[in-house]
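Visitor: I would like to learn how to read a structure that is new to me, one feature at a time. Could we look at it together?

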Amino acid sequence: TLVFTPPSELFSEREWEVIFYTCQSFTPKMIEKAIGVSNQTVEDILSRIYKKSGVGNKRGLIDYCIDSGFNNFIPQSVFQKSESIMPLNCQFFSAT
């Protein structure tokens, strides 16, 4: 079951975004582009997340999220930032 509200108050909204993308196998560079912050900021956020969750690396974080049921969480920002695959001027039917 997908979850759209943070499953815990342990992490900030930004940390939840980084957790989400990390669980989707994004690299820090990919996360940087996805959330619009610098690579150093992503690394700093990951360090805080690792400390809070008691893990030392990406694999440990993913295992922690699976064990805690956090891997089903999708942050609202994912939907706000996603672009439509349909152009705005797309028409399903044309008048002929």
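Visitor: How many disulfides does the count come to?

Guide: A disulfide is counted when two cysteine sulfur atoms lie within 2.5 Å of each other, and in this predicted model the count by that rule comes to 0.

Visitor: Why is Cys-23 not bonded to the closest cysteine sulfur, in Cys-65?

Guide: The two sulfurs are 3.8 Å apart, which is too far for a bond, because a disulfide needs them within 2.5 Å. Seen from the other side, Cys-65 is in no disulfide either, and its nearest cysteine sulfur is that of Cys-23.

Visitor: Is Cys-65 buried or exposed?

Guide: A residue is called buried when its relative accessibility is under 20%, and Cys-65, at 1%, therefore counts as buried. Over the protein chain, which has 96 residues, 32% count as buried.

Visitor: Which elements make up the protein chain, counted from the N terminus on?

Guide: They run α-α-α-α-α, so that the chain has 5 helices and 0 strands. To see how the chain is joined up, one can ask how far apart in sequence its contacting residues lie: among contacts between residues at least 6 apart, 61% join residues at least 24 apart.

Visitor: Which residues have the most contacts inside the largest nonpolar core?

Guide: A nonpolar core is built from buried residues of certain kinds whose side chains are joined, and the largest one here has 23 residues, with Val-18, Ile-19, Ile-49 and Leu-61 having the most contacts inside it. The elements that give two or more residues to this core are α1, α2, α3 (39-53) and α4 (58-68), and the largest share, 6 residues, comes from α1.

Visitor: What does Ile-49 touch, not counting residues up to four places away in sequence?

Guide: Leaving those neighbours aside, Ile-49 touches Phe-11, Glu-15, Val-18, Ile-19 and Leu-61.

Visitor: Turning to the backbone, which phi does Ser-25 have?

Guide: Most residues other than glycine have a negative phi. Ser-25, although it is not a glycine, has a positive phi of about 70 degrees, and it is found in the loop between α1 (13-23) and α2 (28-35).

Visitor: Why does Ser-25 count as exposed?

Guide: The word exposed is used for a relative accessibility over 50%, and Ser-25 qualifies because its value is 51%.

Visitor: What does the accessible surface of the protein chain come to?

Guide: It comes to about 6,500 Å², of which 54% belongs to carbon and sulfur atoms.

Conventions. Residues are numbered from 1 along each chain as its sequence is written. This is a predicted model: local features need pLDDT of at least 70, side-chain atom pairs count only at pLDDT 80 or more; totals for chains, interfaces and linings use all residues. Side-chain values use heavy atoms; hydrogens and water are left out. Helices (H or I, at least four residues) and strands (E, at least two) are DSSP runs, numbered from the N terminus. Buried means under 20% relative accessible area, exposed over 50%, partly exposed in between (1.4 Å probe, protein chains only). Contact means heavy atoms within 4.5 Å. Accessible areas come from the Shrake-Rupley method with a 1.4 Å probe; for residues, only the protein chains shown count as cover. A nonpolar core is a set of buried Ala, Val, Leu, Ile, Met, Phe, Trp, Tyr and Cys residues joined through side-chain atoms within 4.5 Å.
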